[in-house]
Amino acid sequence: MKQDELYEIIHSDESYRVELTTSTGNMDKFQEAICAFANDMPGSRKKGYLLIGVDDNGSISGLKVDDALMKKISGIRSDGNILPLPVMSTEKVVTDKGDVLVVEVTPSFDTPVRYRGRTFIRIGPRRDIASAEEERILAERCAASLPTFDTRPCRDARLEDVDLDVIVKEYLPKAIDAEVLVNDTRSIKEQLAALHLFNLQWDCPTYAALIMFGYRPRFFMPGAYIQYVRFKGNDNGGEIMNERRFEGGLYKILPELENFIRDGIVTKRPVTISILREKDVLNYPYKALRELMMNAVMHRDYQANMPTRFYQYDHHIEIMNPGGLYGQARPENFPYVNDYRNSVVAEMMKTLNYVNMFNHGVREVQELLKDNGCPEAEFNVGYLTAFSVLVRDGVDGTQDDTQDDTQGDTQSDTQGDIQDVTQGVPQGVTQGVPQDDNLDAWIEENIRQNPKITTDELAKLSNKGIATIKRHIAKLPHIRYVGSGYSGHWEITEK
């Protein structure tokens, strides 16, 4: 570095990337400054400079830089106090007023960078510890700077591992304007590379190409399939009544999945609404289940060995996919903020009309469930490595409050589906049908004996409608449900 370059840095108006000091022994100060420059909070991608031997007013102090000082400062890079290790260099600049030790720090892509467990950043001319929100910004910037998994090359694969015929005849005409496609004289590899489906450098398909159009994506991603299991009862301990595995490229299994949901999951039955009238009610609305499964496939972590789980029980369905909330989506803003772990897969699914990417899928699902008489879907976003949603059926919840009040409670056709194998009723319940005047006390007693009893079970045991049970529980403020879905339980606060 020449003297004029040094003076230009000293007198720069970009104070966030320059720190001046005359101290030679304050190692904490030096390492905090290097950590802050590596984090590059403003996101300028400009190098930061720690100038040792310069006063705050910009005058050179007359320091003599020896080898011992050079070694001590250079050792900061690898002493393990700053992690990840910073990219930095040290240089002595000799001037007629004294020496200056210049420490040049390159902004890191792997942020946040921490010094002894604390994240330091530059806020204008000063250095400070990052807040939780600032750390989140640094972490998201790191994620955004790295390619998503689906865009990476799969170097073990070859072009023969993807269905080129489907890509050329079905996908490209939908993804590319017809006129552009006709006039495109590039090779098929170059065309696929423009869509992030092929990597020219490594001469291989990307993971996105294998996920969508691969003949055997599980060979490269062991968890890339959907596991369907039908259990008898309402937990995984029940007898397995049916199971099926959907595997292959998404272009193949998504139509199969749609047909399976429509024909194998959704059922319809007549429900009496008056003496002379019946209406057909679905156990689950097809569009809601389809939307949830498409989201699970689109947002899952394809690096995980766990499959996307589609588990059906007597009165609910649980969908779980590997990979928690991603990027800017967090528990406090779900479902209003969305982000894409597999951006190329998401774009292909949109092109093929499987998703819309308008970020209103969850709200649409809740509306569809409500219109069908089902409770709202319960999303568990608390897992770090998985995401799950529980959907309850609408078979037992088809009576509304008006019908309960005007026609009385009717016994569910499916009474007894949820029962203890040996006793015929859930363990720890008060048997006997309660009268209307002691229903509140009956509910409270059953909850005391079995805090994990469900409203479905209470309705069946009492010969009442679910809406009636929920209405009576709502009148008991000392009873509340803690947790979500089947993992939660009731708590009773003594009056």
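I will talk about one open sheet and a few of the salt bridges in this structure, which is a predicted model.

Let me begin with the sheet, which is open and has 4 strands in the order E1-E2-E5-E4, with mixed pairing. Its edge strands are E1, residues 18–21, and E4, residues 87–95, each of which pairs on one side only, and the twist from one strand to the next averages 15 degrees. Within this sheet, strand E2, residues 48–52, pairs with strand E5, residues 98–106, in the antiparallel sense over 5 bridges, and leucine 51 has valine 102 in E5 as its bridge partner. Helix H3, residues 67–74, lies across E2, E4 and E5, and runs at about 160 degrees to E4.

Turning to the charged side chains, the structure holds 18 salt bridges. In one of them, glutamate 135 meets arginine 114 at 2.7 Å, N to O, and this pair links distant parts of the chain, with glutamate 135 in helix H4 and arginine 114 in strand E6, 21 residues apart. Glutamate 135 is partly exposed at 23% relative accessible area, and arginine 114 is partly exposed at 31%.

Another salt bridge joins arginine 448 and glutamate 444, whose closest N and O atoms are 3.0 Å apart. Because these two residues are 4 residues apart in helix H14, residues 439–449, about one helical turn separates arginine 448 from glutamate 444. Arginine 448 counts as partly exposed, at 39% relative accessibility, whereas glutamate 444 is buried, with a relative accessible area of 13%. Elsewhere, Glu19, Glu32, Arg122 and Arg127 are joined into one network by salt bridges that share partners.

Notes
Residues are numbered from 1 along each chain as its sequence is written. This is a predicted model: local features need pLDDT of at least 70, side-chain atom pairs count only at pLDDT 80 or more; totals for chains, interfaces and linings use all residues. Side-chain values use heavy atoms; hydrogens and water are left out. Two strands pair if DSSP finds at least two bridges between them. Axes are lines fitted to C-alpha atoms, for helices over the stretch in contact, and angles run from 0 to 180 degrees between N-to-C directions. Contact means heavy atoms within 4.5 Å. A salt bridge is a side-chain nitrogen of Lys or Arg within 4 Å of a carboxyl oxygen of Asp or Glu. Buried means under 20% relative accessible area, exposed over 50%, partly exposed in between (1.4 Å probe, protein chains only).
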